[in-house]
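Colleague: I would like a close look at one part of this model. Please start from a single side chain and then work outwards.

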Amino acid sequence: MPSTGTTAKRGRPGYDQQSVLLIAVDVFNRHGYDATSMGILAENLGISKSAIYHHVPSKGDLLKLALDHALGGLEAILEQPQAASGSADARLEFVLRETIAVLVERLPFVTLLLRLRGNTEVERNALERRRTFDHKVADLISAARDEGSLRQDIDPRTVTRLLFGTINSIVEWYRPGGSLSPEKLADDVITMAFNGLHVPS
C-alpha cells in the first residue's frame, strides 16, 4: 500500500497514524462514513476510543486524510508534462490511463471519495476538488474534439459522463491481484473508449 503522504504520528504500540487510517477507510467503506462511530472504529482497531485520539483529533480528520490521499493522486496527474503538452487526444489518453492507475493503486481511498454525500464541510470541499478535476478532463475532451481527433456528433458533456461512469465503476468490481492487471484494465478501457467494440475493418 502506498504512503498516504502523511507523517507517521506515533500513538499506542502497534499503530501509527497511517495504519489507523487504513483500517478506518475500510470501516468507512463497509459501514458508510456517517454510520461509523468512534466506537465502531475502536472495535475494529482493537483499541479504546481514547487511544484513537493519540493519532487523530477526530473522525473528520481521518476522513480528510483519506480524501487528501485520493485527490492528491488525481490532481498530481494533471501536473505531469504528458498532461500539459502534445495533442489533446494524447493528453486525454494519458490522463485517463493515469486516473485508472491511481484508482487501482489507492482503491479504498478513491472508493470512499466516490461514495461521498456532501454532508460535511470536509466532504463538500473534497467534492469541489473532484469537480475541478473532472472539468479539466472535460476541457481536454472538448479540445480533442475541436482539433478533429474525436468525433463531432457526440456532446462532450455526454462523453465526459460516460467516461467517468465507466472508470468510476471499477471500484465496485475490480479486485487487485486477480487475473486482470491494472495495465490491461487501462488498455481495455482506453480501447473501448477510443475505438469502440466493433472489430476493425
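Which backbone oxygen does the side chain of N29 reach?

Modeller: The backbone oxygen of P108. The distance is 2.9 Å. Keep in mind that this is a predicted model.

Start with the place of N29 in the chain. N29 sits in helix α1, which covers residues 17–31. Its relative accessibility is 17%. The cut-off for buried is under 20%, so N29 counts as buried.

Now the surroundings of N29. Set aside the neighbours within four places in sequence. N29 is then in contact with P108, T111, L112 and R115. P108 thus appears twice: as a contact of N29, and as the owner of the backbone oxygen that the N29 side chain reaches.

Next, compare a glycine. G39 is found in helix α2, residues 38–45. Its relative accessibility is 31%. Buried ends at 20% and exposed begins over 50%, so G39 counts as partly exposed. G39 also gives a sense of distance. G39 and S142 are 103 residues apart in sequence. From C-alpha to C-alpha, they are 48 Å apart in space.

Set that against the whole chain. The C-alpha atoms fill a box of roughly 65 × 35 × 30 Å along the principal axes. The chain has 11 helices and zero strands. Of its 201 residues, 39% count as buried. N29 is one of the buried residues.

Then the nonpolar interior. The largest nonpolar core has 55 residues. Among those with the most contacts inside it are L41, I52, L62 and V95. Helix α4, residues 59–77, gives the most to this core, with nine residues. V95 shows what such contacts look like. Beyond its neighbours within four places in sequence, V95 is in contact with I77, L78, A83, F133, V137 and L140. V137 is also listed among the core residues with the most contacts.

Contacts across the sequence can be put in numbers too. Take the contacts in the chain with a separation of 6 or more. Residues 24 or more positions apart account for 63% of them.

Last, the outside. The accessible surface of the chain comes to about 10900 Å². Carbon and sulfur atoms hold 52% of that surface. The chain has 23 positive and 25 negative side chains. The centres of these two sets lie 6 Å apart.

Definitions and conventions
Residues numbered from 1 in each chain as written. Predicted model: local features only at pLDDT ≥ 70, side-chain atom pairs only at ≥ 80, totals over all residues. Heavy atoms only, no water. Helix = DSSP H or I, 4+ residues; strand = E, 2+ residues; numbered from the N terminus. Buried < 20%, exposed > 50% of the residue type's maximum accessible area, 1.4 Å probe, protein only. Contact = heavy atoms within 4.5 Å. Areas by Shrake-Rupley, 256 points an atom, 1.4 Å probe, with all protein chains shown as cover. Lys, Arg positive; Asp, Glu negative; His and termini not counted. Charge placed at Lys NZ, Arg CZ, Asp CG, Glu CD. Core = buried A, V, L, I, M, F, W, Y, C linked by side-chain atoms within 4.5 Å. Polar contact = N/O pair within 3.5 Å; in protein donor to acceptor, adjacent residues only side chain to side chain.
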